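Student: I should like to work through this structure with you, beginning with the contacts between chains and then turning to the folds within them.

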Amino acid sequence: MFMNVWKNVRRTRLRTVVAALAAALLVGGAVAQSAPSGTLRVGMETPSKLDPAYASSDAEIAVLNAVYDYLVDVDADNNVQPRLATSWKVSSDGLTYTFELATDATWHDGSPVTAQDVVYTFDRLRDPAAKLPTSDLYADIASVTASGPHQVTFTLKKTNPFFLYDLSDNHAVIVKNGTTDFTAFDGSGPFVVQSYHPDDRMELTANPHYFMPGKPGVAKLELIFFSDPAAEVSALRGGQIDLATRLPTPLYQSLANVKGIARLDVPTNGFNVIRLRSDRAPGNDPRVVEALKLAVDRQAITDAVTQGLGAVGNDTPIGPLYKAYYDPNAQPPQTDAAKARELLKEAGYPDGLKLDLHTPNTGDRPDLAVVLKQQLAKAGFDINVIVEPESVYYGDNKWLDVDFGITGWGSRPYPQFYLNVMLACNAKWNESHYCNPAFDALVEDAGTTLDAAKRVADYHEIQAMLASTGPIVIPYFFPQLGAIRDGFSGYQLKAFAGRSDLAAVHAP
Amino acid sequence: MARFLLRRAGFLLLTLVFTSLLIFLITQALPGDVARILLGREASAQALAQLRAQLGLDRPLPIQYLTWLGDFVRGDWGTSFSTGQPVRELVLSRLGNSLQLAGLTLLIAVPTAVGLGVLAALYEESWIDTVISLASLSVVGLPEFITGLVLIQVFSFRLGWLPANSSIAPGTGLVAALPYLVLPALTATLVLLAYVARLTRASVLVELGRPYVRTAVLKGVPWRRVVIAHVLRNALLPTITVIAISFGWLISGLIVVENVFNYPGLGRLLTFAIARRDIPLLQAVALVAVLGFALANLVADILYAVFNPRITLR
Amino acid sequence: MRLEGVSVGYRRGRGWVRAVRDVDLTLERGVTYGLVGESGSGKTTLAHAVLQSLPAHGRLLGGRILFRGRDLATLGPEARRREFHRRVALVPQDPLPSLNPAHRVGRQVEEALDPSGRSTPELRGRAHALLEAVGLADPERVAGAYPHQLSGGMQQRILIAMALAGEPDLLVLDEPTTNLDVTTEATILDLVRRLVHDSGTAVLYVSHSLGVVAELCDRVAVLYAGEMVEDAPATRLFTQPRHPYTQGLLDSVPRLGSTRHEVTLRPIPGRIPPATDLPAGCVFAPRCPLAVDDCREATPALEATPEGRVRCWRWPEVEAGQADPHQPAPAGRLHAPAEDAEAVLEVEHLAKRFPLRRSLVELLRGAPRRAVRAVEDVSLSVRRGHTLGLVGESGSGKSTTARSVLGLEAASAGTVRLLGDELPRRLERRPASAIRRLQMVFQSSDEALNPYRSVGSTLGRPLRRMAGVPREEAAERVARLLESVQLPRSYAEKRPAQLSGGEKQRVAIARAFAAEPEVLVFDESVSGLDVSVQAAILNLLGELQQVRGSGYLFISHDLAVVGFLADQVAVVYLGRVVETGPARSVLSPPYHPYSEALLSAVPLLAPGVERARVRLEGDVPSPVDVPGGCPFHTRCPRLVGPQCREQAPPWRHGPDGHAIACHIPLEELASVQTALFGDGGAPAVPGATSEGGDG
Amino acid sequence: MARPAAAAGIVRRRSGAWRRLLRGLYARPSSALGATLAAAFLLLALLGPWVTPYGPLDQDFAARSQPPSPAHPFGTDHLGRDVLSRVVAGDRDIFLLAGSGTLVAVLVGTLVGLAASYRGGWVEEVTYRVFDSLLAIPALLLALLLLGSLGPSRVSVLAVIAVAYTPIVARVVRSVVLDTKTKEYVLAARMQGESTAFVLGREVLPSVLPALAVESALRFSYAIFLVASLGFLGVGVQPPNPDWGLMVSEARDYVYLTPWTLTFPALAISLLVIAVNLLADGLKRVLQVGDTP
């Protein structure tokens with residue numbers, strides 16, 4: 001069971017190493033010579049919100065990542081890497097971070113990137129009055145100041161071991177001082193937007209003044225939007241695009257042995273959470289929660305829904321990707337439908353429990369719902385599956401209200417995020433309405449302590465708690481699947497596909 | 001003639017006013033809070049209220065309607081909720097693409113369908129008629145999304161003749177775009193084909209049975225001339241109306257076809273707008289489509305009147 | 001052209017139905033050959049066979065058709081076009097559908113001159129000449145018009161012009177005047193007679209109308225159930241027919257001037273057998289007054305007679321006067337109604353206008369609202385037990401008058417009184433008792449009955465609702481009602497589709513009588529029927545009136561029928577009554593000039609008898625722009641001066657309540673007009689069925 | 001005494017009409033095929049759960065993505081669901097959705113059409129002006145707008161069909177009513193003081209029925225199309241319902257792996273639409289209804 005996961009991880013790591021080697025070789029050779037050349041055509045979902053503060057989907061982040069720069073970046077192995085900040089220092093109390101910015105970075109309009117731009121960016125994102133989606137994330141920043149023309153200093157209210165990761169939040173691309181209208185796409189990033197046709201395509205060219213050496217590798221980048229992954233794969237097969245990510249499992253599988261196309265597969269910490277609202281009946285009865293956990297066969301779900309490509313989950317958002325933080329010993333109870341049925345009877349549902357299961361109609365969630373329905377039926381749950389468009393499920397906060405639902409969560413480079421926003425008592429998106437003071441204390445400690453060993457211990461305890469009694473089921477972590485046309489080099493697919501570095505890609 | 005046009009245009013206007021009201025009401029009733037959709041699941045209540053006021057969503061409905069219609073007529077189609085881009089440019093650029101596809105479709109479909117219909121009628125109950133009837137019937141049963149998939153399999157993947165995907169770049173010239181247009185146009189054609197061919201056949205048969213055909217034959221007019229100068233001259237008149245009606249089908253068909261082929265036309269924009277609850281965009285696309293349909297009908301009416309001496313253009 | 005033993009059939013399922021059997025016919029130059037028969041006789045099929053224009057499912061099953069000595073079956077399509085189609089011509093029944101709606105008339109005539117479709121000034125000149133030859137005064141204008149812009153008479157003239165364009169050897173006229181008004185019919189017949197005479201081509205004239213054939217043809221063949229039963233020169237056929245069927249037809253036609261009190265029509269019992277179900281032996285035997293056992297077993301051959309041919313076993317006896325071919329006269333006599341009967345229905349100054357929509361432009365300009373003035377000023381009075389005949393051509397407002405009286409259309413002005421009570425204008429506002437007392441029998445027998453309801457259900461409803469018959473008695477009353485219209489009781493189970501035209505009309509009459517009305521309105525109620533059936537219905541109406549004492553308002557365009565049935569007659573033109581009075585007075589001089597033209601136009605069953613011809617020029621004016629002054633002045637052949645155009649004509653009263661609206665005094669009219677048939681009321685045809693005419 | 005006899009007569013006549021209709025349909029191979037196929041689909045829809053080997057949602061993990069075999073004649077999908085059972089369940093679904101949607105449209109369209117066009121005047125004017133505006137919106141566009149507004153559910157799909165097709169049915173009814181209301185037997189009924197309801201129901205309605213039968217069949221075939229298209233676009237019936245269009249849409253991702261999951265629902269849509277079209281054609285011929293664009 002765990003072998004499977006580790007095999008995946010190892011395989012990917014190996015591939016990553018190979019890719020990195022290749023890239024290094026290329027870059028090494030390129031420093032002297034290469035001007036960007038060739039065109040890369042990327043198929044992706046249709047983005048809509050391109051204001052960094054609101055952008056959230058993979059496609060939207062991919063656009064931001066190409067047009068703008070993050071202060072720091074996170075690589076495929078979850079290590080923090082320099083981007084606009086070339087180096088940084090952390091004070092010994094862990095409350096002051098000082099960043100040195102690249103001095104040769106410029107905006108696409110030619111003006112230089114300065115510390116003021118960074119200050120503006122984060123002041124905007126953390127402004128409590130504006131109530132942007134990032135305001136909570138950055139609530140513990142005391143100040144952001146330009147300590148020099150190219151030096152920025154962040155002061156924190158309390159320690160945060162993940163602060164660098166927070167600074168690399170998807171929303172946190174650095175924008176030019178004073179920007180409020182983001183339709184001009186005046187970024188500092190590797191690509192310059194030439195034209196944008198919403199719901200159709202975006203055409204970009206290499207930024208000739210880009211400050212990172214050897215980047216971008218291609219002279220032209222075309223982002224082509226698809227409303228339908230089947231059409232996207234048709235385009236890939238037909239040679240109209242070169243790269244596609246976020247492929248559904250069957251389409252990914254169908255690309256095996258297709259000449260000229262290489263498949264990409266990385267494990268992620270992205271998951272679908274099946275959550276039972278625990279502050280009211282029937283979810284407020286621990287026996288019901290236990291029955292749910294007993295009724296689910298996570299391995300079977302992984303096999304059926306992800307065709308075995310996913311990593312089996314343990315009902316906790318802390319997956320094997322987090323290495324040391326992950327505790328393989330924190331296991332939900334062994335699948336036992338009979339015992340579950342017994343528990344339901346004890347909880348007052350001798351004839352079974354009727355529940356509506358709400359789920360958005362995207363990704364593999366409808367499939368998950370269907371498989372779940374059948375598994376739960378054996379334990380006496382009578383599930384009525386209600387599949388809705390995302391706009392209905394998320395609209396009017398329905399997802400935070402319903403008793404039983406499936407919600408998708410994207411992959412993050414560190415686990416604290418999930419705990420803060422979906423499981424702590426006062427978490428903003430506590431959809432399961434889980435509230436456990438002991439749990440909250442552990443979360444608080446893990447999120448502030450600078451002691452790595454302590455943090456690992458906290459996380460292990462959290463996992464044990466969630467696996468046994470948390471009102472959530474996380475049956476698997478889905479893989480990130482993609483495919484790229486042969487001849488393109490340097491592409492390294494990340495768990496969150498939108499953060500993959502398109503500037504590193506070289507055309508044949 | 002001027003009066004005829006004026007009256008027709010008057011009708012058109014009336015229909016459009018009704019229809020726009022309908023579209024406005026339907027779109028206004030869309031579930032889900034527009035502001036939340038705009039700001040995403042992460043937005044706060046305060047930001048939502050602020051945005052609602054900013055969008056005028058807190059005003060009474062009639063005012064909203066009149067403002068919207070007035071703005072629309074004046075060419076201010078608003079800003080797309082989801083992309084923040086001006087709606088008009090977006091819709092107009094897509095309209096061009098859709099018209100291109102629709103034009104090609106009609107160019108293929110109409111002569112083929114009319115030809116087949118006439119042929120089937122002239123050889124009524126012969127094997128030619130049977131083959132044409134069977135072929136058109138089997139095509140009737142195939143929804144666009146199935147024919148599209150089949151055509152892609154055959155012409156793109158098996159034979160490799162045509163691209164499987166039609167996401168053409170904006171500003172692609174017609175000639176360069178042509179290979180990308182063929183499969184979608186063919187798909188859309190198949191549905192129209194059967195409909196137009198069957199009605200053409202029926203119309204030709206009706207005319208063939210009319211006494212004036214016998215009159216012409218008894219005059220000693222050669223059969224070829226009887227068919228062309230007498231029968232077709234009258235039989236193709238109702239076909240004009242049929243084509244106008246099938247334009248409505250075409251619009252429906254293109255919504256599906258554009259999605260199957262990822263063709264950047266109005267149809268795909270429409271599904272995008274619906275998925276994103278992008279109301280200004282949705283309203284504009286719907287109105288433009290309805291306007292197109294109404295204009296097609298107007299043109300058909302005028303053509304019909306011009307070619308039909310029985311209607312006096314007063 | 002010669003037809004030798006021709007049989008024509010239609011495919012029905014796997015087999016063939018022989019609609020025409022074993023017909024021999026020779027058409028010669030200069031001879032006008034009449035082909036008469038009732039519906040179902042096969043005359044149209046025969047005409048199509050002659051023209052080689054049978055529908056796709058029809059085929060020549062036996063015999064040969066020779067044209068100028070060549071068997072037509074041996075011709076290829078191109079040869080047929082050149083050798084045959086260019087030499088024969090057809091004037092069809094419906095002129096409008098026979099003209100291409102999309103081409104100008106001139107082009108179509110030119111095409112008849114040169115079928116290749118060229119258009120040269122020379123051709124145009126010839127076309128204009130042709131149009132002039134058929135009596136179209138302004139060929140330039142007519143040639144530039146589209147068919148729908150011309151009147152029915154003009155359209156028929158165009159078709160005649162086209163038929164004559166190729167100088168055909170054979171001209172087939174297929175009921176060319178059936179759908180035209182009687183005055184138009186007369187002018188067209190005049191035209192045909194003149195043209196045929198001038199050109200000397202062979203003519204086949206197909207018609208159901210004995211009168212028209214008598215007027216026009218040299219020789220007549222009678223068809224019955226697909227067989228030719230008699231063939232003789234017209235003069236002989238109409239005076240001394242040899243076949244009992246021919247005799248029966250002649251006895252069924254009401255003659256102008258004969259009334260129901262003087263003459264009894266002798267209808268032929270039964271109906272024409274369908275081609276799918278022919279009797280053994282002589283096809284006419286089941287309906288024949290002379291039929292003996294031999295007739296029912298052996299089929300007679302078409303035997304030669306001194307001047308013609310006849311298909312009857314007993315013709316020599318008829319010829320010798322030993323057998324009486326007449327149908328027996330119905331028992332019982334109709335006596336004249338009481339002269340002093342009270343008026344049950346009174347209509348005064350009835351008017352009905354259908355307003356036209358104003359366009360937006362007109363509305364803004366404040367233009368007055370225009371209207372179709374279907375009925376302008378009609379006053380009528382129907383007495384108990386009497387029949388008032390209302391005559392006029394199409395467009396005269398007869399039907400609208402009827403509908404307004406009945407309240408089916410709300411009248412625009414005027415009053416309708418039933419038994420002295422004024423009725424509301426809309427039917428829906430009228431009390432049930434008034435609705436019950438005033439009933440109507442409609443025009444066409446095909447639309448008169450709901451095809452989806454059985455006869456019993458159709459009749460039961462009014463019995464229960466109007467006559468208050470309790471449910472349990474309804475079945476019995478339906479049966480009695482059926483018997484009263486001489487239908488078997490078992491017909492209650494039948495559906496309209498299973499009935500013949502005459503039977504349907506009987507049911508319709510029964511339905512109207514179910515409510516036991518005081519007044520019945522008949523709107524062209526016998527016009528669509530074959531003569532033998534029509535005769536039976538007319539007799540029935542007379543008997544029913546006698547028994548029930550209802551007043552009839554009888555509307556028809558057929559003067560002979562009206563003259564036969566009516567006690568009083570009113571003549572309408574453009575929505576106005578122009579002449580009214582007792583039937584006998586109206587049908588004899590002095591006439592209103594319009595009535596005179598109508599009467600003069602009626603074909604008489606008397607070949608060779610000459611009489612005054614009064615013909616009307618032009619068409620009936622549009623009811624939207626009714627001419628001022630006397631509405632008839634645009635067409636009046638006796639126009640006297642400007643007063644006709646400027647002043648409404650005064651009513652001039654004669655004896656017996658006879659009144660004429662005309663500027664010419666009665667005496668003057670009487671002095672210039674002659675009786676238009678016989679000598680003022682007596683039958684015009686010697687030997688026709690006068691009373692007690694069995695002999 | 002008379003009444004039972006009359007009732008028996010009516011029954012006999014009714015069955016006679018049915019027999020004539022059937023005989024007419026079976027006189028030509030094309031309409032015979034259409035009628036047989038449509039009847040087979042209907043029968044399958046009625047018997048569905050009793051004849052299918054598995055439930056439409058039942059998963060057999062051991063038999064995922066199986067090609068057609070004796071155990072699974074149409075194969076299984078990626079979740080181990082039997083495609084045959086799903087297609088049959090989808091058949092039932094399509095009759096329930098497209099069928100009852102059409103039925104509602106036909107009923108409402110007939111009632112409104114009858115009443116408005118018989119009544120005439122401004123009622124007719126307004127009714128048909130509104131209907132014309134509805135018809136000015138292409139069907140799928142209207143469906144998408146309405147579904148967007150009502151939210152995707154089975155009831156919404158049904159409502160959409162009803163709203164989209166009611167005006168068309170009303171139009172057909174109107175053309176017949178306008179023709180029929182001046183017929184003499186209708187006038188005769190008025191002359192007998194019959195109520196408007198009686199005139200509409202007993203005198204006018206029967207003449208509307210043939211055209212209505214043909215139109216219903218045609219509408220049904222378009223409704224199948226529409227439901228499938230909506231399912232395909234993802235705004236109609238939602239998973240896991242075995243809607244044919246939705247099945248095709250879902251199976252698009254699997255076209256290379258398990259093509260049978262796409263083939264069979266696609267085939268089912270096509271066959272049923274063709275069958276209903278053939279049937280409509282036959283009805284048109286037998287009931288002698290003219291072609292209308």
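Student: How much area do chain B and chain A bury between them?

Tutor: The model is a predicted one. The contact draws 36 residues from chain B and 39 residues from chain A. Of the area that becomes buried, 49% lies on carbon and sulfur atoms. The total for chain B and chain A is about 3,100 Å².

Student: Which side chains meet in a salt bridge at 3.2 Å, N to O?

Tutor: A salt bridge requires a side-chain nitrogen of Lys or Arg within 4 Å of a carboxyl oxygen of Asp or Glu. The rule finds 2 salt bridges across the interface of chain B and chain A, along with 8 residue pairs in polar contact, both residues at pLDDT 80 or more. The salt bridge at 3.2 Å, N to O, joins the side chains of Asp199(A) and Arg94(B).

Student: Which element gives the largest share of the side of chain B that touches chain A?

Tutor: The elements of chain B that give two or more residues to this side are α2 (34–39), α5 (87–122), α10 (223–261) and α11 (266–276). The largest share amounts to 5 residues. The element that supplies it is α11(B).

Student: What percentage of the area buried between chain B and chain D do carbon and sulfur atoms give?

Tutor: Here 48 residues of chain B are in contact with 43 residues of chain D, and the buried area is about 3,700 Å². On the chain B side, Ile26(B), Leu137(B) and Phe145(B) lose the most area to chain D, together 15% of what that side buries. The part of the buried area given by carbon and sulfur atoms is 76%.

Student: Which residue of chain D meets Arg198(B) in a salt bridge?

Tutor: Between chain B and chain D the count is 1 salt bridge, and the rule finds 2 residue pairs in polar contact, both residues at pLDDT 80 or more. The side chain of Arg198(B) takes part in a salt bridge of 2.4 Å, N to O. The partner of Arg198(B) is Asp281(D).

Student: Which element gives the most to the side of chain B that touches chain D?

Tutor: At least two residues each come from α1 (2–28), α6 (127–140), α7 (144–158), α8 (174–208), α10, α11 and α12 (279–307) of chain B. The greatest contribution is 10 residues. The element behind it is α10(B).

Student: Turning to chain C, which three residues supply 67% of the area that domain 1 buries against domain 4?

Tutor: The domain assignment of chain C includes domain 1 (1–87 + 168–217) and domain 4 (374–568), and their centres, taken over C-alpha atoms, are 38 Å apart. The contact takes 6 residues from domain 1 of chain C and 5 residues from domain 4 of chain C, with a buried area of about 560 Å², of which carbon and sulfur atoms give 37%. No other three residues of domain 1 supply more of its buried area than Glu38(C), Asp181(C) and Val182(C).

Student: How many residue pairs are in polar contact between domain 1 and domain 4 of chain C?

Tutor: The rule finds 0 salt bridges across this interface of chain C. Polar contacts are counted here with both residues at pLDDT 80 or more. The count between domain 1 and domain 4 of chain C is 4 residue pairs.

Student: Why is one side of β2 and of β5 in chain C left without a neighbour in the sheet?

Tutor: An open sheet of 4 strands in chain C has the order β2-β1-β4-β5, with antiparallel pairing. β2 (15–26) and β5 (70–71) of chain C stand at the edges of this sheet, so each has a single partner strand.

Student: Which residue in β4(C) is the bridge partner of Glu4(C)?

Tutor: Strand β1 (residues 2–12) and strand β4 (residues 58–67) of chain C pair in the antiparallel sense over 7 bridges. Helix α1 (residues 43–51) of chain C lies across β1, β2 and β4, running at about 110 degrees to β1(C). The bridge partner of Glu4(C) in β4(C) is Arg64(C).

Student: Which residue in β8(C) stands opposite Asp174(C)?

Tutor: Another open sheet in chain C has 8 strands in the order β6-β7-β8-β3-β9-β10-β12-β11, with mixed pairing. Within chain C, strand β7 (residues 170–174) and strand β8 (residues 202–207) pair in the parallel sense over 5 bridges. The residue opposite Asp174(C) is Val206(C).

Definitions and conventions. Residues are numbered from 1 along each chain as its sequence is written. Chains are lettered from A and ligands numbered from 1 in the order in which they are written. This is a predicted model: local features need pLDDT of at least 70, side-chain atom pairs count only at pLDDT 80 or more; totals for chains, interfaces and linings use all residues. Side-chain values use heavy atoms; hydrogens and water are left out. Two strands pair if DSSP finds at least two bridges between them. Contact means heavy atoms within 4.5 Å. Axes are lines fitted to C-alpha atoms, for helices over the stretch in contact, and angles run from 0 to 180 degrees between N-to-C directions. Domain bounds come from an automatic or database domain assignment. Buried area is the accessible area (1.4 Å probe) that two parts lose on being put together, summed over both. A polar contact is a pair of N or O atoms within 3.5 Å; within protein, one must be able to donate a hydrogen and the other to accept it, and residues adjacent in sequence count only if both atoms are side-chain atoms.
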